[in-house]
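Q: I've got the sequence and the model open, but I get lost when I try to take in everything at once. Could you pick a single part, give it a close look and show me how the rest connects to it?

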Amino acid sequence: MSVRARPVFCGLDAAMEVISGKWKVLILWALHHQSHRFGALKRLVPGVSEKVLIQQLRELEADGIVLRTMHDDTRLRVAYSLTPSGEELFEALEPLGAWGREHLPRRKELPAEAAAGA
């Protein structure tokens with residue numbers, strides 16, 4: 001786990017510290033289905049800047065949630081996937097997503113596949 005600027009006081013506080021950030025939950029959603037290269041992730045998380053996506057991926061990697069794998073075949077490629085801890089975190093967030101789908105109106109700007117799985 002990465003070093004935090006402030007102490008955490010309970011399990012919920014620790015979990016929220018890991019997923020804090022505007023795009024982290026959507027990154028988890030995108031990687032839950034399969035591993036992706038950076039460009040594919042950028043398309044699956046519309047609106048995120050390249051700089052912020054890199055930063056949030058690095059934070060998730062430092063927290064042991066995302067695995068960055070380098071493939072060296074004909075050219076250098078990097079793929080991102082969830083670690084077992086990341087899969088557990090995603091599963092823990094699923095009831096929260098179900099609550100959101102049930103209690104909050106759908107936002108028109110969400111892509112259809114994001115609305116179905118978020």
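**Strand β3 up close**

A: Let's start with one pair of residues: the bridge partner of R37 in β3 is A79. Keep in mind that you're looking at a predicted model. Its mean pLDDT is 85, with 82% of the residues reaching 70 or more. The confidence isn't even, though: helix α4 (residues 50–62) has the highest mean, 95, while helix α6 (residues 112–117) has the lowest, 53.

Here's the wider setting. The protein has 6 helices and 3 strands, and from the N terminus the elements run α-α-β-α-α-β-β-α-α. The strands form an open sheet with the order β1-β3-β2 and antiparallel pairing. In that order, β1 and β2 are the edge strands, each pairing on one side only.

Now look at the two neighbours of β3. What holds strands like these together? Strands of a sheet pair through backbone hydrogen bonds, either parallel or antiparallel. On one side, strand β1 (residues 36–37) pairs with β3 in the antiparallel sense over 2 bridges. On the other side, strand β2 (residues 66–72) is joined to β3 by 7 bridges, and this pair runs antiparallel too. You can trace two of the matches with your finger: H71 has R77 as its bridge partner in β3, and L67 stands opposite S81 in β3. See how the numbers go down on one strand while they go up on the other? That's the antiparallel pairing of β2 and β3 showing up in the numbering.

Is β3 mostly enclosed or mostly open? Of its 7 residues (76–82), 5 are buried, so the strand is largely enclosed by the rest of the structure. For the protein of 118 residues overall, 30% count as buried.

Next, where do the side chains of a strand go? In a regular strand they alternate between the two faces of the sheet. With that idea in mind, let's see what else β3 takes part in.

One thing is a pocket. The second largest pocket has a volume of about 150 Å³. The elements that give two or more residues to its lining are α3 (38–44), α4 and β3. Helix α4 gives the most, with 4 residues. Among the lining residues are V78 and Y80, along with R37, F38, G39 and R68. You've met R37 already: it's the residue whose bridge partner in β3 is A79. By type, the lining divides into 5 nonpolar, 1 polar and 4 charged residues.

The other thing is a core. The largest nonpolar core has 22 residues, and I27, L28, I65 and V66 have the most contacts inside it. Strand β3 is one of the elements that give two or more residues to this core, together with α1 (11–19), α2 (24–33), α4 and α5 (84–103). The largest share, 5 residues, comes from α2.

So what's the picture to take away? Strand β3 sits between β1 and β2 in the sheet order, it has 5 buried residues out of 7, and it gives residues to the lining of the second largest pocket as well as to the largest nonpolar core.

Key
Residues numbered from 1 in each chain as written. Predicted model: local features only at pLDDT ≥ 70, side-chain atom pairs only at ≥ 80, totals over all residues. Heavy atoms only, no water. pLDDT = per-residue confidence, 0-100. Buried < 20%, exposed > 50% of the residue type's maximum accessible area, 1.4 Å probe, protein only. Pairing = 2+ DSSP bridges. 1 Å grid on protein atoms, 1.4 Å probe; cavity = no way out; pocket = protein on both sides within 12 Å on 5 of 7 lines; lining within 4 Å. Points joined across faces, edges and corners; volume = space filled by probe spheres on them. Nonpolar A, V, L, I, M, F, W, Y, C, P; charged D, E, K, R; others polar. Core = buried A, V, L, I, M, F, W, Y, C linked by side-chain atoms within 4.5 Å.
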